[in-house]
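Student: I have a structure open and would like to learn how to read it. Can we go feature by feature?

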Amino acid sequence: MAMAYGPDTGHPRAPRLPAWLGAPLAARTWREFCHLLLGLPLSLCYFALSVTALAVGAGLVVTFVGIPVLALGLAMCRGFGVVERARARAFLGSRVGDPEPARAEPGTGLTGAVWAVLKSGASWRHLLYAVLHMPWAVVAFSLAVTVWSTAWALFTYPLWRWSLPLHAGTDGIQVYGDGTRAYVLDSGAELAVTSGVGLVLVLLGAWLVRGLAAVDRALVRGLLGPSRLATRVVELESDRGVVVDVAAADLRRIERDLHDGAQARLVALAMDLGLAKEKATEDPRAAARMVEEAHDEVKLALQELRDLARGIHPAILTDRGLDAALSAVASRCTVPVTVGVDLPERPAAAVEGIAYFTVSELLQNVSKHARAHHATVDVWRTGDRLLIQVTDDGRGGADPTRGTGLAGLAERLDAVDGVLAVHSPEGGPTTVTAELPWRG
Amino acid sequence: MRVVIAEDSVLLREGLTRLLTDRGHEVVAGVGDADALLKTVDALAADGAAPDVVVADVRMPPSHTDEGVRAAVRLRGDHPGVGVLVLSQYVEERYATELLAGSSRGVGYLLKDRVAEVREFVDAVVRVARGGTALDPEVVAQLLGRSRRQDVLAGLTPREREVLGLMAEGRTNSAIARQLVVSDGAVEKHVSNIFLKLGLSPSEGDHRRVLAVLTYLNS
Amino acid sequence: MTTRSDRPAPAPSSRTGRLGFGAAMWKEVVHLLSNLPVSLVAFVYVTVAVAVGAALSVTVVGLPLLAAGLAGARLVGRVERARARGLLGVRIEEPSRPPRRPGGGAADAVWSVLGDAVAWRTVLYGFVRLPWGVLTFAVTLVALVVLWPALPYLVRAMTNADRAMVRGLLGPSDELERRVAELESDRGVVVDVAAADLRRIERDLHDGAQARLVALAMGLGLAKEKAAEDPRAAARMVEEAHGEVKLALQELRDLARGIHPAVLTDRGLDAALSSVASRCTVPVTVTVDLPERPAEATEGIAYFTVSELLQNVSKHARAHHATVDVWRTGDRLLIQVTDDGRGGADPTRGTGLAGLAERLDAVDGLFVVHSPPGGPTTATAELPWRSRTAAHR
């Protein structure tokens, strides 16, 4: 599926320590901490600027000037979004795609641009981010800085206690004191306990940092990313490209098959016949042999053309629908196949075609790789989806990410909002389920 | 033998007419679509001059889908005495099942390619006209491959499987013997073995035994 | 993403006719009178659905219930759009369905309906319509009885408000939504066209080369049998078969060219278009000015566009000369075919040009024909440029 953003890439590489131990030292934790540190000053700027722009713009809306001011403010928020997305990419390793641009109708000039910015939902989501992020940044910043610095300070206490008598005039951290008595951490055991508490805090703090960063990540993704609709547009555009490319590739393949197969054979045939024609009177026996050759040739050409035509579009599919066509495919499979088609009516011709080629590709896979004794094909409809399931009792281990067959099939199905799911444990059995949108 | 040909390609219609005429058969009518075929046969039958056999293409106008098969099924219902041989660029086991529904008397279903072997093709036409059966080896292979009785079929020797296939195509014992270059007696022995292994009672008449075999494979 | 300017604009209100006591006005009157009952039903429905759903949303049942209510509201929108289309002549595109992740569960479905702006706007529509429905009903009734000279003006004014409401609240919400609808239909067209192409090719093969080969096989079979007994007849048959096989080859070649010309794959547009031009009945000058070869699919579409247009020139234009120009501007591939024929080509009539326009439209292309009677004719097609490397992912 076309994704607007990829998976997070901030994972530490093959940690030797278990994750809960390694977290405080992982580069990722420190990057995320930096992100939280930077968050406060930046979000203060965003907040101040955007709230000012919003207030001025909204206040002046009754006059004419307010509207462009508001638009300018929104455009500025979109600018913040660029910075924030870059920051999230650098520190959080979260790749968030650009939101849909505010595009003016061509030829409408400045008013068009103003209107486009105001109308775009993404602009307002950016404004919302600028406003919402400030209180959050305050909380996150305080929590992160307090917990993280305290934790490390306690943990490393034995290392820096020596500086206290020199600079602070005490022997250690004073836990309690009322002028006469003071409880100071200075014995060896106390040092150890303090450092131990610090260690626990460090271990927990790392996860706190990560948790806070996760909220930031969600905020960026939810408010600064492309909307669901925009994602869908990107997806559909790529789908359409795939469909067009696949169709073009199909036609090229057919042309090549014709050229290499039947056409070549017919040329040979024409030559044979040409010779036979010449020889007919002078050497009837040689002519007869050539006619015989030509005869064999033409039978082969017919066979080839038939196979080619069946690969293009099986006539029985148009005539009788999926049930009959799939039975024919099943009968050509090398293993016995049980076909069950349970459809209340025939789907659209294009859907039928895709379903047919899906099953025929899957059964070819079964024939070639599965080493199965039996396979079943089931086709049925649930709501507005057409479901296809092909199972075999073979050796399993089919992997849709390897090999071009299943991967190509998955891509073709994906392009029409279909889904291909393969369940094939080592040793079998294999179940492949394909789902297509129903069109009547 | 009196033949009616239904085929929309003029080229093929002429070719078939020439081929059958050449072999001394009479082509009483050549038509280009299924409606005309049904009307012609009805008219001929009303005059008491029903043809012996109809040779029909599957894909014909107006819709260019499976008119031929539908017309053939109707003819078999309306005129049981008329043999029907269906020709097609493809053979589909589904159409074979439809054509054979109920009876395998006087019915044939062949790939168009088979006309290349002129003698065998004419033999098939004659066989169908006389009430026999002519099924394309491809259909038979599909039926054999698809049959749910794989366990029993696996119990046949390769030779017996071969004989079973030829039997399903509608050939007589002597024709099978010729094809396999063995004696008639050997074929008879194979046939009775096959019937024994499949648990079928031996039927008389070639088309009856074809039917038995096909029913067995389809069940 | 490209914005297309050829999107059908909402029908202007002038389309509904001049002011006066025509059929159009009576339709408008019917609309205004039916406002009251319809808006009453709509109001009751949305109020109940939203109130019940919202009230129960503290429990778990509420949200799905609210979602169901909203889905129903979309239905109200559909009815209202149909009513406006029938009586007011306002053509509103259907809003696209809320996008769903394929394979998403019931929770995803509920969530996507709850966030569906179209449904919420329809709810708003249901709320504001009731007072308006009461008003229009009353005013129209009064006007029908006492103010009939002013009736056309009143009716037009009120229905214009109706039109604005329907357009504003029941139409597809924005550019993106329209784009999704458009792309979905595009994808459908592309899929259907590809499937139809394959069926046509199969049919052509069946009726052409396959039939001819069967005849040929039959002839050769006969010749083989005759060879010994009647060599002269056999020789004649071989001669016929020879003619036949040459015809079959010709047919296959034409078919293959119609599927995808090999020269296009091997040499690109320039060479392929020159070969199309040479088969045209009028002299054609071909100029292809491209810095590099576009993606294969784009090349294919460009090729078939030109070959279809030149076929039209051959068949209908009665021209003395034609030119074909192909060039690139920015991210668009432009194709222009002109001829000095008699003009009068109409892309809305005839399947050739209309089909071409549809095919191009489905890939974000544009097709414009300028063909005044008497000529000359200029057909311009525009395609999004996709480079060869981008297509191979």
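What follows is a short tutorial on helices, burial and chain contacts.

Tutor: Keep one thing in mind: this is a predicted model. Start with chain A.

Student: How many helices and strands does chain A have?

Tutor: Chain A has 14 helices and seven strands. Of its 440 residues, 39% count as buried. Now look at sequence separation. Take the contacts in chain A between residues at least 6 apart in sequence: 69% of them join residues at least 24 apart.

Student: Next, helix pairs. How are two packed helices described?

Tutor: By two values: the angle between their axes and the distance between the axes. Try helix α2 (residues 27-59) and helix α8 (residues 188-224) of chain A. Their axes come within 9 Å and cross at roughly 60 degrees.

Student: Which word describes how α2(A) and α8(A) lie to each other?

Tutor: Oblique. An angle of roughly 60 degrees falls neither under 35 degrees, over 145, nor in the range 65 to 115, so α2(A) and α8(A) are oblique to each other. The crossing of α2(A) past α8(A) is left-handed.

Student: Which residues of α2(A) and α8(A) make the contact?

Tutor: From α2(A), select T29(A), E32(A), F33(A), H35(A), L36(A) and G39(A). From α8(A), select A206(A), V209(A), R210(A), L212(A), A213(A) and D216(A). By class, this contact of α2(A) with α8(A) has six nonpolar, three polar and three charged residues.

Student: Is there a general idea behind the spacing of residues on a helix face?

Tutor: Yes. An α-helix has 3.6 residues a turn, so residues three or four places apart point the same way.

Student: At what angle do α5(A) and α8(A) cross?

Tutor: At roughly 170 degrees, with the axes coming within 8 Å. Angles over 145 degrees count as roughly antiparallel, so α5(A) and α8(A) are roughly antiparallel to each other. The residues of their contact divide into 21 nonpolar, seven polar and one charged.

Student: Can we see a residue on α5(A)? Is T146(A) buried or exposed?

Tutor: T146(A) is found in helix α5 (residues 121-155) of chain A. Count C-beta neighbours: T146(A) has 11 other C-beta atoms within 10 Å, so it is exposed. The cut-off for exposed is 12 or fewer. Now compare sequence with space. T146(A) and G205(A) are 59 residues apart in sequence and 9.8 Å apart in space, C-alpha to C-alpha.

Student: Let us try chain B. At what angle do helix α3 (residues 67-78) and helix α4 (residues 93-100) of chain B cross?

Tutor: They cross at roughly 20 degrees, and their axes come within 9 Å. That makes α3(B) roughly parallel to α4(B). The crossing of α3(B) past α4(B) is right-handed. V69(B), A72(B) and V73(B) of α3(B) meet Y95(B), E98(B) and L99(B) of α4(B). Five of these residues are nonpolar, none polar and one charged.

Student: How do I check the length of a helix?

Tutor: Compare the expected span with the modelled one. Helix α5 (residues 118-129) of chain B has 12 residues, so at 1.5 Å a residue it should span 16 Å. Its end C-alpha atoms are 17 Å apart, which agrees.

Student: Which residues of α5(B) are buried?

Tutor: V118(B), F121(B), A124(B), V125(B), R127(B), V128(B) and A129(B). After α5(B) comes G131(B), whose phi is positive, near 95 degrees.

Student: Now the chain contacts. How many residues of chain A are in contact with chain B?

Tutor: 18 residues of chain A are in contact with 14 residues of chain B. On the chain A side, α10 (284-312), α11 (315-320) and α12 (322-331) each supply at least two residues. α10(A) gives the most, with seven residues. By class, that side has eight nonpolar, five polar and five charged residues.

Student: And how many residues of chain C touch chain A?

Tutor: The contact takes 58 residues from chain C and 59 residues from chain A. On the chain C side, α6 (175-229), α7, α8 (262-267) and α10 (296-317) each supply at least two residues. α6(C) gives the most, with 31 residues. That side of chain C has 35 nonpolar, nine polar and 14 charged residues.

Student: One last residue. Where is E240(C)?

Tutor: E240(C) sits in helix α7 (residues 231-259) of chain C. With 18 C-beta neighbours inside 10 Å, E240(C) counts as partly exposed.

Key: Residues are numbered from 1 along each chain as its sequence is written. Chains are lettered from A and ligands numbered from 1 in the order in which they are written. This is a predicted model: local features need pLDDT of at least 70, side-chain atom pairs count only at pLDDT 80 or more; totals for chains, interfaces and linings use all residues. Helices (H or I, at least four residues) and strands (E, at least two) are DSSP runs, numbered from the N terminus. A residue is buried if 20 or more other C-beta atoms lie within 10 Å of its own, exposed if 12 or fewer, and partly exposed in between; C-beta atoms are placed from the backbone. Two residues are in contact if their C-beta atoms, placed from the backbone, lie within 7 Å. Axes are lines fitted to C-alpha atoms, for helices over the stretch in contact, and angles run from 0 to 180 degrees between N-to-C directions. A crossing is left-handed if the near helix is turned anticlockwise from the far one by less than a right angle, and right-handed if clockwise. Ala, Val, Leu, Ile, Met, Phe, Trp, Tyr, Cys and Pro count as nonpolar, Asp, Glu, Lys and Arg as charged, and the others, Gly among them, as polar. The expected span of a helix is 1.5 Å times one less than its number of residues.
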